[in-house]
Amino acid sequence: MAIKTGRADGTAQITLDTEKCNDCGICAEVCKGAPLIMIDGRLEIEEPRFFGCIGCGHCMCVCPQECIQINGRDMQPADVIPLPGTDKRADYQQLYDLMLSRRSVRNFRDRLVEPEIIDKITAAVATAPMGLPPSDVEILVFDTPAKVQEFAADLIAVMKKSRWLFSPLFSVLMRPFLGREYIESVNSFIRPALDIFIEEIAKGHDYLLYNAPLAMYFHCSPYADPADPLVAATYAMLAAESLGLGSCMIGTPAYFIKYSKDLKQKYNLPRKNQPGIVVIFGYPRIRFRKALRRRLAKVTYR
Ligand SMILES: Cc1cc2nc3c(=O)[nH]c(=O)nc-3n(C[C@H](O)[C@H](O)[C@H](O)COP(=O)(O)O)c2cc1C
């Protein structure tokens with residue numbers, strides 16, 4: 001049975017050049033969809049097996065004979081491109097150093113992020129894994145400070161309207177339904193944060209999107225894994241870091257976009273799309289002179 005996603009309905013088509021195929025079986029090993037199968041030492045294509053071809057493209061990438069072509073689910077033979085040589089890839093230390101050097105940046109220089117830099121970020125994001133191919137991640141880009149400010153103002157207006165949902169009285173009434181942890185988060189973070197956003201924007205200070213010159217909202221279709229936009233946003237942050245930009249994830253907007261018809265309408269966001277996360281970007285105004293050692297809550301082995 002074919003997997004339905006936001007952009008795909010049906011399986012991709014597999015074309016095998018039987019003249020070139022030597023039945024090595026490597027494609028069948030990586031095919032988890034799983035229409036490629038070895039039967040009695042011969043490669044067979046059983047289109048309806050499991051999910052059928054989901055268009056992951058892995059078979060085309062591993063085939064030593066270059067004898068498989070996939071068409072469909074946003075995948076085509078032309079998408080098979082040369083693999084960067086190992087000497088061109090970041091090694092662990094380089095990647096770790098990039099990660100260690102990244103900080104959440106909320107102070108930006110008065111400089112636009114150039115369109116070619118934005119393109120590089122989105123190109124890097126497109127390499128991210130997704131729950132099911134093809135990616136259902138969408139990015140709404142705000143590429144000038146004015147556009148980001150308008151977005152922030154619109155978000156804060158929605159927050160203002162929804163403020164009562166986080167009032168102390170409402171929290172007390174809802175405590176049996178929403179649970180202690182949620183109420184504690186409302187009391188210690190959400191309500192004070194909303195108060196700061198709303199009161200400071202009135203004074204001309206944007207504590208939500210920090211007057212960033214660039215913002216991206218990552219979201220996805222209702223079919224996708226809700227983690228997809230978060231994975232994509234993480235890739236965007238790392239790409240931005242490698243390009244000399246600072247960035248910061250901004251978690252609060254998504255909660256409000258999810259329930260706001262007005263925001264969805266104004267920004268052409270599909271009504272049923274799942275909320276993801278906003279990331280702000282820009283050239284950093286303040287240089288971090290040191291890195292920080294951080295620890296996870298727990299790493300356990302069993
Ligand atoms: C899911 C997520 C949501 C976040 N939301 C916000 C936010 O709404 N506002 C903000 O200023 N920072 C936000 N941040 C940034 C964190 O506060 C920041 O990552 C944290 O303080 C650690 O700092 P570092 O990124 O420099 O290590 C968010 C980060 C993540 C991962």
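This report describes the overall make-up of a predicted model, one helix pair and the surroundings of the ligand.

## Basis

The model is predicted: local features need pLDDT of at least 70 and side-chain atom pairs pLDDT 80 or more, while totals for chains, interfaces and linings use all residues. Residue numbers start from 1 along each chain as its sequence is written.

## Overall make-up

The protein has 10 helices and 8 strands. These are DSSP runs numbered from the N terminus (helices: H or I, at least four residues; strands: E, at least two). Its C-alpha atoms fill a box of roughly 70 × 45 × 45 Å along the principal axes.

Of the 302 residues, 29% count as buried, meaning that 20 or more other C-beta atoms, placed from the backbone, lie within 10 Å of the residue's own.

## Helices H4 and H8

Two packed helices are described by the angle and the distance between their axes. Helix H4 (residues 115-125) packs against helix H8 (residues 228-242) at about 135 degrees, with the axes 8 Å apart. Axes are lines fitted to C-alpha atoms over the stretch in contact, and angles run from 0 to 180 degrees between N-to-C directions. H4 is therefore oblique to H8 (not under 35, over 145 or 65 to 115 degrees).

## Around the ligand

The residues around the ligand, with the C-beta atom placed from the backbone within 6 Å of it, are Arg103, Ser104, Arg106, Cys248, Met249, Ile250, Gly251, Thr252 and Ile277. Strand E7 (residues 246-250) gives the most to this shell, with 3 residues.

Terms used:
A residue is buried if 20 or more other C-beta atoms lie within 10 Å of its own, exposed if 12 or fewer, and partly exposed in between; C-beta atoms are placed from the backbone.
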